[in-house]
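Let us look at charged side chains and how they pair up. Have the sequence and the 3D view ready.

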Amino acid sequence: MSIQVLDQEKVQSGSARNSEQQPAFANGFYANYGKRALDILAAIAGLILLSPVFALVSCCIKLTSRGPVLYRQVRIGQGGRPFEILKFRSMTLQTLNSDLRITIAGDSRVTALGKFLRRYKVDELPQLWNVIRGNMSLVGPRPEIPVYTAEYTPEQRMVLSARPGITDPASLAYRHEEEILANQGDPEQFYRTQILPDKLARNKAYLEKITLRNDIRIILKTISSSFLVTGKTVVRRAL
């Protein structure tokens, strides 16, 4: 069985342009000022409105498995600076610090509740606090762990010029990433050589044209895709 990653949302930007001919990311009022204002207002509103969800999920995590409610992991943010990303814990306490860097569908480390949290992206909600602190944005390149960012090419490092985000175009394209990886003989190598470069290309294109309209579209699409059982996917399995 082979898997083709289809580009359903082909970015129609001038990909032939090199990094010296374009800014690291879009300049403009929204990109420089409005985006951060939206982040703060939306994150505060989200934390307040979703506080019952936070309380419920926290109780469920404590009642169903041993360990902390929140999981912290070092990621690389804007300017290459490390920070601790927050998530609701979705794995067993014994495997939190395992050597595996990626998660695949059916991963035995994920708890029963964790599968639900990850399926609907509820585990990402604590990152609203990262947004308020200034570590992250609502929309921006998803932050990676240091071992991956250390291998970025100079052109790929352009994604580190902006705050990382809770969601981004690559997250939408690879909504079923864990399923893709589960069908690979070497998931780690496939992620490094196939998925990650494509993610970085998509996010580089996003940073070149940051607009309020595009950010709202990505946020709404992320919310809808998280709660739709079926939908379009970038994965096609060919026998």
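Q: How far apart, N to O, are the side chains of R192 and E188 in their salt bridge?
A: This is a predicted model, in which local features need pLDDT of at least 70, side-chain atom pairs count only at pLDDT 80 or more, and totals for chains, interfaces and linings use all residues. Residues are numbered from 1 along each chain as its sequence is written, and side-chain values use heavy atoms, with hydrogens and water left out. A salt bridge is a side-chain nitrogen of Lys or Arg within 4 Å of a carboxyl oxygen of Asp or Glu. For R192 and E188, the N to O value is 3.0 Å.

Q: Which helix holds both R192 and E188?
A: Helices here are DSSP runs (H or I, at least four residues), numbered from the N terminus. R192 and E188 sit 4 residues apart, about one turn of the helix. Both lie in residues 187-207, helix α8.

Q: Are R192 and E188 buried or exposed?
A: Buried means under 20% relative accessible area, exposed over 50%, and partly exposed in between (1.4 Å probe, protein chains only). By that rule, R192 and E188 are both buried.

Q: Which residues does K199 contact, leaving aside its neighbours within four places in sequence?
A: K199 also lies in helix α8. It counts as buried because its relative accessibility is 14%. Contact means heavy atoms within 4.5 Å. On that basis, K199 touches A170, Y174, E177 and Y191.

Q: What distance separates the C-alpha atoms of K199 and D168?
A: Along the chain, K199 and D168 are 31 residues apart. In space, their C-alpha atoms are separated by 9.3 Å.

Q: How many residues apart in sequence are the parts that D215 and K35 tie together?
A: D215 and K35 form a salt bridge, with the closest N and O atoms 2.6 Å apart. D215 lies in helix α9 (residues 212-227) and K35 in helix α1 (residues 29-49), so the pair ties together parts whose separation in sequence is 180 residues.

Q: What is the relative accessibility of D215?
A: Its partner K35 is buried, with a relative accessible area of 10%. D215 counts as buried too, at 2%.

Q: What is the N to O distance between D107 and R109?
A: D107 is buried at 10% relative accessible area. R109 counts as buried at 7%. Their side chains meet in a salt bridge at 2.8 Å.

Q: How many salt bridges does the whole structure hold?
A: Some residues join in a network of salt bridges: K87, E124 and R142 are linked this way. A search of the whole structure gives a total of 12.

Terms used: Helix = DSSP H or I, 4+ residues; strand = E, 2+ residues; numbered from the N terminus.
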